[in-house]
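These are my notes from a first pass through a structure I had not seen before. I kept them in the order in which I looked things up.

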Amino acid sequence: MSEYAHIPLRYQRLDSEEQMQQVADEFYDTMSRRRTVRDFSSESVPRTVIEAAIAAAGTAPSGANKQPWHFVAINKQDTKHQIRVAAEAEEREFYERRATQSWLDDLAPLGTDANKPFLETAPWLIAIFAERIQVDDQGEKHKNYYVPESVGLASGMLITALHKAGLATLTHTPSPMGFLNEICGRPSNEKPFILLVVGYPDDNALVPDISRKPLEEISTFI
Ligand code: IYR
């Protein structure tokens, strides 16, 4: 394959280090308000906002620019119901059989259980798929590179975009989630990665009083 043409960067440098600091500090403040929400309002959210957030996620870096992701945005009540039924069946298995005692102990403070009403209450579910193998026009299969890293980056950017748009999210990962391929009509070369629940938080939503590790603990400057 021939090399891409190379074009100028659409780079925007801020005016000063002071401005850079202000932007960085404000962004940290914005992000520190993001919380995983489990109580959603059923209020509708425009499809165009979901589209813009997915488009932003699609700008993530990826191994060899293969962009090995696919996002299925689900708004139909009937499809959300099917997903809830399938997810709760897996979750019951998880909580009653599959989870180790130490895993259950770690989850206990969060108060989660196998009931997932938010899968029907929230206006949107976004099923994120990781394309492990790409099939070209000739039907030839090619393995993608750094797939979990790439899809993880895109998922983080999606969560950030939705948060910036004033929406709440829940990263839900019923395990296994093979049922999503069938319900969403996605091929077997795509593996369900995260089921993102998206909407406004319920007026009475509460979140656990957890804290984030301080900067000194999560970073080392050498
Ligand atoms: N998937 C289950 C269990 C669960 C696991 C982890 I790790 C969490 O951080 C939260 C929940 C559920 O959604 O309840």
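Entry 1. I began with strands E5 and E6, in what is a predicted model. The two strands run antiparallel, and 5 bridges join them. I looked up one position along this pair and found Thr-171 opposite Leu-196 in E6.

Entry 2. I then asked in what order the strands of this open sheet lie. There are 4 of them, in the order E1-E2-E6-E5, with antiparallel pairing. E1 and E5 (168-172) are the edge strands, each pairing on one side only. From one strand to the next the twist averages 25°.

Entry 3. Next I noted which helices lie across the sheet strands. H2 lies across E1, E2 and E6, and its direction is at about 170° to E1. H3, residues 77-98, lies across E1, E2, E5 and E6. The angle of H3 to E1 is about 115°.

Entry 4. I stepped back to list the elements of the whole protein. I counted 8 helices and 6 strands. Read from the N terminus, they run α-α-β-α-α-α-β-β-β-α-β-α-β-α. The C-alpha trace spans about 55 × 50 × 40 Å along its principal axes. Of the 222 residues, 33% are buried. I also checked the contacts with a separation of 6 or more: residues 24 or more positions apart account for 79% of them.

Entry 5. I turned to the nonpolar cores. In soluble globular proteins, nonpolar side chains tend to be buried together. The largest nonpolar core here has 22 residues. Those with the most contacts inside this core are Ile-50, Phe-71, Ile-126, Leu-158, Leu-162, Leu-196 and Val-198. I asked which elements give two or more residues to this core. They are helix H2 (47-57), strands E1 (69-74) and E2 (124-131), helix H6, and strand E6 (190-199). H6 gives the most, with 6 residues.

Entry 6. I picked Ile-126 from that core and listed what it touches, leaving out residues up to four places away in sequence. Ile-126 touches Ile-50, Ile-54, Phe-71, Val-72 and Ala-73, among others. The list also includes Leu-158 and Leu-162, as well as Ile-194, Leu-195, Leu-196 and Val-198. Apart from this core lies another one, of 21 residues. Ile-74, Ile-83, Phe-179 and Cys-184 are among its members.

Entry 7. H6 had come up in the core, and I looked at how helix H1 is placed against it. The axes of H1 (residues 17-32) and H6 (residues 147-164) come within 10 Å and cross at roughly 90°. H1 is therefore roughly perpendicular to H6. Phe-27, Thr-30 and Met-31 of H1 meet Thr-160, His-163 and Lys-164 of H6. By class, this contact has 2 nonpolar, 3 polar and 1 charged residues.

Entry 8. I asked whether Asn-189 is buried or exposed. Asn-189 counts as buried because its relative accessibility is 16%, and the cut-off for buried is under 20%. Its place is in the loop between helix H7 (179-184) and E6. Not counting residues up to four places away in sequence, Asn-189 touches Ala-130, Glu-131, Arg-132, Ile-133 and Val-135.

Entry 9. Last, I went through the backbone for unusual angles. Most residues other than glycine have a negative phi, and most peptide bonds are trans. The bond from Ser-175 to Pro-176 is cis, with omega near -5°. Pro-176 lies in the loop between E5 and H7.

Entry 10. Two residues that are not glycine have a positive phi in my notes. Phi of Asn-65 is near 50°. Asn-65 sits in the loop between H2 and E1, and its relative accessible area of 43% makes it partly exposed. Phi of Tyr-146 is about 45°. Tyr-146 is found in the loop between strand E4 (141-143) and H6. At 60% relative accessibility, Tyr-146 counts as exposed, since the cut-off for exposed is over 50%.

Note on methods
Residues are numbered from 1 along each chain as its sequence is written. This is a predicted model: local features need pLDDT of at least 70, side-chain atom pairs count only at pLDDT 80 or more; totals for chains, interfaces and linings use all residues. Side-chain values use heavy atoms; hydrogens and water are left out. Axes are lines fitted to C-alpha atoms, for helices over the stretch in contact, and angles run from 0 to 180 degrees between N-to-C directions. Angles under 35 degrees count as roughly parallel, over 145 as roughly antiparallel, 65 to 115 as roughly perpendicular and the rest as oblique. Contact means heavy atoms within 4.5 Å. Ala, Val, Leu, Ile, Met, Phe, Trp, Tyr, Cys and Pro count as nonpolar, Asp, Glu, Lys and Arg as charged, and the others, Gly among them, as polar. A nonpolar core is a set of buried Ala, Val, Leu, Ile, Met, Phe, Trp, Tyr and Cys residues joined through side-chain atoms within 4.5 Å. Buried means under 20% relative accessible area, exposed over 50%, partly exposed in between (1.4 Å probe, protein chains only). Two strands pair if DSSP finds at least two bridges between them.
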